[in-house]
Amino acid sequence: MQALSEVNLSTQLRNAMNDLAFDKLTPIQEKSYPVILSGEDVVGIAQTGTGKTFAYLLPILKELKFSNQVNPRVLVLVPTRELVVQIVEQVKLLTKYMSTRVLGVYGGTNIKTQAQEVGQGADIIIATPGRLYDLVLSRALQLKAISKLVIDEVDVMLDLGFRFQLKNIFELLPARRQNIMFSATMTNEVDLLIQDYFDAPTQISIAVSGTPLENIEQSCYSVVNFNTKTNLLAHLLHGTEEYEKVLVFIANKKSADVLFEFLENEFGSRVGIIHSNKTQNYRLRSIEDFENGTTRILVATDVIARGLDIEAISHVINFDVPQYPENYMHRIGRTGRAEQAGKTILFYTEKELTRKESIEALMELQIPMMDLPAEVEISAVLTAEERPHIKEKYGNHKLAQTSEPGTSFHEKKEKNKRTNLGGAYKREITSKYKKAQHKRGNKGGKKR
Ligand code: GDP
Ligand code: MG
């Protein structure tokens with residue numbers, strides 16, 4: 001790592017870095033700095049938590065001359081609103097001794113207020129693509145002065161979901177501009193797209209895409225079903241002091257809500273949740289509460305897996321196996337940031353085994369397996385998704401037969417008894433959830 005004193009920074013930036021107690025550049029920062037300064041198009045790949053934000057901000061801010069023109073000159077595009085907020089904060093930290101005007105624009109907030117803010121002029125805009133485009137269409141914002149475009153998390157941004165929006169924005173940007181792209185992962189397909197869109201940018205890589213950080217200790221458990229996963233999670237979280245700040249990733253909003261209610265039952269108010277059905281205020285507050293330790297456990301969908309930098313997350317638990325192996329890299333990368341140690345645990349069912357194997361293939365390593373602790377109750381209660389669709393397969397007639405009184409009926413009753421806890425418990429959380437939704441539902445999210 002290069003000592004800060006050897007880097008050709010401005011005094012203002014150097015002082016800001018000193019205030020942050022950063023006295024060296026990280027490898028990706030060191031490598032990117034001269035290339036970005038030279039004005040070339042750049043794609044930078046480095047693992048999660050290795051300081052990619054400053055890798056593009058430092059050279060950009062070094063070059064940015066004072067101006068009071070209204071139209072922004074630097075545009076940073078990111079996939080999530082939370083990331084907008086975070087990067088705006090990072091810019092503010094770095095420009096503490098400069099008069100740089102930075103503004104974050106993102107959906108889920110009042111567009112009129114944002115239009116007014118934009119109208120007052122900004123040097124740097126950090127934005128999600130949708131809201132940015134709306135502001136341009138409503139003529140609140142002009143992009144004709146943009147000379148540097150940064151696309152953070154470029155692989156997800158150029159993936160299908162965002163590509164169309166980005167294309168619209170590209171058409172509004174001056175052709176002569178510097179394109180700067182960063183990510184921790186890169187798929188071949190996106191790499192090809194970059195070659196198409198950006199005329200062979202210089203590649204800067206610190207590690208091959210898919211190289212996990214060595215400071216993240218990985219492990220996994222083979223678990224039969226959802227309810228056994230919840231039992232295992234509760235067991236782990238109750239077990240030791242070690243689980244200080246735990247981020248639990250789960251595939252979809254519905255399961256996230258179910259898991260949240262379960263954990264809230266176990267751990268009370270020290271559990272938070274974030275997903276895209278929550279209001280923006282609620283989402284930001286969930287992150288803030290988790291960041292400052294008000295909550296200890298945060299249940300999240302992949303919406304926050306990208307880019308978020310929350311200090312000292314001790315564990316990332318993958319309650320399920322993400323569909324795309326790159327997402328695993330981004331999920332686990334929320335821990336082990338800035339060279340700290342972190343741990344991650346993956347729960348997988350037999351059905352998810354192939355996905356786990358794709359992740360292992362991407363990383364070129366086997367995730368160490370742990371034995372299910374004997375205390376963890378193996379639940380036979382299946383969720384609606386897990387249950388086989390007997391009705392459609394066999395028709396009602398046959399089902400009715402098996403429920404007739406007789407030996408088989410009693411056997412069934414015995415079996416139910418054993419799993420009764422799960423059943424009753426599930427009903428309890430379902431009913432509680434209904435109440436809870438009323439009380440703390442999305443729309444009622446506290447404003448701060
Ligand atoms: P990314 O995942 O690679 O984009 O990482 P971020 O840019 O979000 O940075 C991860 C963390 O490292 C943040 O908390 C930064 O403030 C911190 N960081 C950035 N530069 C340095 C540095 O030079 N030294 C140290 N110790 N931390 C840094
Ligand atoms: Mg980042």
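This is a short dialogue on reading a ligand site and one helix in a predicted model.

Student: Where does ligand 1 lie relative to the domains?

Tutor: Look at which domains supply its shell. Domain 1 (4-205) and domain 2 (216-370) both give residues, so ligand 1 lies between them.

Student: Which residues come nearest to ligand 1?

Tutor: The shell holds 15 residues, and K24, G49, K52, T53 and D309 come nearest. Helix α3 (residues 52-63) gives the largest share of the shell, three residues.

Student: What classes of residue make up that shell?

Tutor: Sort them by side chain. Eight are polar, four are charged and three are nonpolar.

Student: Which side chains make polar contacts with ligand 1?

Tutor: Look for N or O pairs within 3.5 Å. An oxygen atom of ligand 1 is 2.5 Å from an N or O atom in the T53 side chain. For the K52 side chain, the distance to a ligand oxygen is 2.8 Å. Q29 pairs with a nitrogen atom of the ligand instead, at 2.9 Å from its side-chain N or O. As for cover, ligand 1 has 590 Å² of accessible area on its own, and the protein covers 82% of that.

Student: Now helix α6. Which of its residues are buried?

Tutor: Buried means under 20% relative accessible area. In α6 (residues 129-137), that applies to P129, R131, L132, L135 and V136.

Student: What do the buried residues of α6 pack against?

Tutor: Check contacts element by element. The partners are strands β2 (74-77), β3 (102-105) and β4 (124-127), plus helices α5 (111-119), α7 (154-157) and α8 (160-172).

Student: What follows α6?

Tutor: R139 does, with a positive phi near 65 degrees.

Technical notes
Residues numbered from 1 in each chain as written. Chains lettered and ligands numbered in written order. Predicted model: local features only at pLDDT ≥ 70, side-chain atom pairs only at ≥ 80, totals over all residues. Heavy atoms only, no water. Buried < 20%, exposed > 50% of the residue type's maximum accessible area, 1.4 Å probe, protein only. Helix = DSSP H or I, 4+ residues; strand = E, 2+ residues; numbered from the N terminus. Contact = heavy atoms within 4.5 Å. Near = heavy atom within 4 Å. Polar contact = N/O pair within 3.5 Å; in protein donor to acceptor, adjacent residues only side chain to side chain. Areas by Shrake-Rupley, 256 points an atom, 1.4 Å probe, with all protein chains shown as cover. Nonpolar A, V, L, I, M, F, W, Y, C, P; charged D, E, K, R; others polar. Domains from an automatic or database assignment.
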